[in-house]
Amino acid sequence: MSTEQEPTTPQDELSQALPPEQPEGDDHAAALDELQDRWRRALADLDNLRKRHAKEMDAVRNEERARTAAAWLPVVDNLDLALTHAGSDPSAVVEGVKAVRDQAVDVLRRLGHPRYEETGVPFDPAVHEVVGTVDDPDTEPNTVVQVVRPGYGEGSRQLRPAAVMVSKRQE
């Protein structure tokens, strides 16, 4: 004989809550009151669960926003620093801006959205957006020959597709 109980359904619990014989008069009203009370408590529990879940989701959302904003703070600090040196050597400013861009790309990568800008690969509508076509006899048709704007993310976490120029069929 097994010591495990079989799972019960609400109908099973209801049949266990009511005595097997039919209640008479006041007993019937008392049983109905008991069931209505249990029903109201279950609804109240469900409402409390919904409210608690909504509050927890807000807290998680706020934590994630704060984490993302904190990841971008060094990028903003470095942009401010680059602006303070805008009047100095132009090549140093350009190098500084490139470093800040690399830092921003790294932040996106750490947040799960790596940058992609490959050329010479077959066009894939899931990760590329065609912004133009070019005649290029040296490449296969529908091959990415130039990336106009890089894409970020991968799979279902894609922020945006890469805007690309694609070779067209030779006629």
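Which side chain meets that of Arg61 in a salt bridge? The partner is Asp58, with 2.9 Å from N to O. Keep in mind as you look around that this is a predicted model.

Let's stay with this pair for a moment. Both Arg61 and Asp58 belong to helix H2, where they sit three residues apart, or about one turn of the helix. How open are they to the surroundings? Arg61 has a relative accessible area of 38%, so it counts as partly exposed. Asp58 has a value of 40%, so this residue is partly exposed too. The cut-offs explain the label: partly exposed covers what falls between buried, under 20%, and exposed, over 50%.

Now follow the helix to another pair. Helix H2 spans residues 26–84, and Asp47 and Lys51 both lie in it, four residues apart, which is again described as about one turn of the helix. These two form a salt bridge whose closest N and O atoms are 3.3 Å apart. Asp47 is partly exposed, because its relative accessible area is 32%.

Next, let's leave the helix. The side chains of Lys168 and Asp135 also meet in a salt bridge, at 3.8 Å from N to O. Lys168 lies in the segment after strand E5 (162–167), while Asp135 lies in the loop between strand E2 (128–134) and strand E3 (144–149), so this pair ties together parts that are 33 residues apart in sequence. Is each partner exposed or partly exposed? Lys168 has 37% relative accessibility and so counts as partly exposed, whereas Asp135, at 54%, counts as exposed.

Some charged residues take part in a shared arrangement: Asp106, Arg109 and Arg110 are joined into one network by salt bridges that have partners in common. For the model, the count of salt bridges comes to ten.

The strands we just met bring us to the sheet. Three strands make up an open sheet, in the order E2-E5-E3, and their pairing is mixed. Which strands are at the edges? They are E2 and E3, each of which pairs on one side only. From one strand to the next, the twist averages 30 degrees.

Finally, take a look at how E3 and E5 are held side by side in the pairing. They run antiparallel, and four bridges join them. To find one of these places in the model, start at Arg149: its bridge partner in E5 is Ala163.

Terms used
Residues numbered from 1 in each chain as written. Predicted model: local features only at pLDDT ≥ 70, side-chain atom pairs only at ≥ 80, totals over all residues. Heavy atoms only, no water. Salt bridge = Lys/Arg side-chain N within 4 Å of Asp/Glu carboxyl O. Helix = DSSP H or I, 4+ residues; strand = E, 2+ residues; numbered from the N terminus. Buried < 20%, exposed > 50% of the residue type's maximum accessible area, 1.4 Å probe, protein only. Pairing = 2+ DSSP bridges. Axes fitted to C-alpha atoms, helices over the stretch in contact; angles between N-to-C directions.
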